[in-house]
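User: Can you walk me through this one and tell me what backs up each label?

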Amino acid sequence: TVDMGTIECDVAGEWQGTDGGGHLKSSGTSLWWTPNEGADNSSGFTALPAGARIENGGFGDQLLSAFFWCSDYKDASNAWFHMLSYAHAEIFRSNSDKTRGYSVRCIRD
């Protein structure tokens, strides 16, 4: 198993852990912008920098970030997400309006 560092699930709006994001990101810079900080994909998750769909229907942050909805929600209009960035090895957690389009990763029990 890979040590992802400590993530505080009740903390929002800041980078968390030490290098968990790097363990989740695909390695190299052919898809991610340089430096793709800490990326080694040692978890096997292979996160790709898909960016996000914003409220007006446009897309942004491709090559820069990967946004993933969490399974829990903050309130009727907002849900929690995690973000990975080319510039950080940590994981960012916050909440966003549900009208945005972020990636999801399905897992099998």
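Analyst: Sure, starting with phenylalanine 68: leaving out residues up to four places away in sequence, Phe68 touches Phe45, Ala47, Trp80, Phe81, His82, Leu84, Tyr102, Ser103 and Val104, where contact means heavy atoms within 4.5 Å. This is a predicted model, so local features need pLDDT of at least 70 and side-chain atom pairs count only at pLDDT 80 or more, while totals for chains, interfaces and linings use all residues. Numbering runs from 1 along each chain as its sequence is written, and side-chain values use heavy atoms, with hydrogens and water left out.

User: Why is asparagine 36 called buried?

Analyst: Its relative accessible area is 4%, and buried means under 20% (exposed is over 50%, partly exposed in between; 1.4 Å probe, protein chains only). So Asn36 counts as buried.

User: And cysteine 70 and cysteine 106: buried or exposed?

Analyst: Cysteine 70 comes out at 18%, therefore buried. Cysteine 106 has 73%, so that one is exposed.

User: How many disulfides are there?

Analyst: A search of the whole structure turns up 0; a disulfide would take a pair of cysteine sulfur atoms within 2.5 Å.

User: Which residues make up the largest nonpolar core?

Analyst: Leu24, Trp32, Ala47, Ala66, Phe68, Leu84 and Ile91, 7 residues. The label means buried Ala, Val, Leu, Ile, Met, Phe, Trp, Tyr and Cys residues joined through side-chain atoms within 4.5 Å. Apart from that core lies another of 6 residues, including Ala52, Phe81, Met83 and Phe92.
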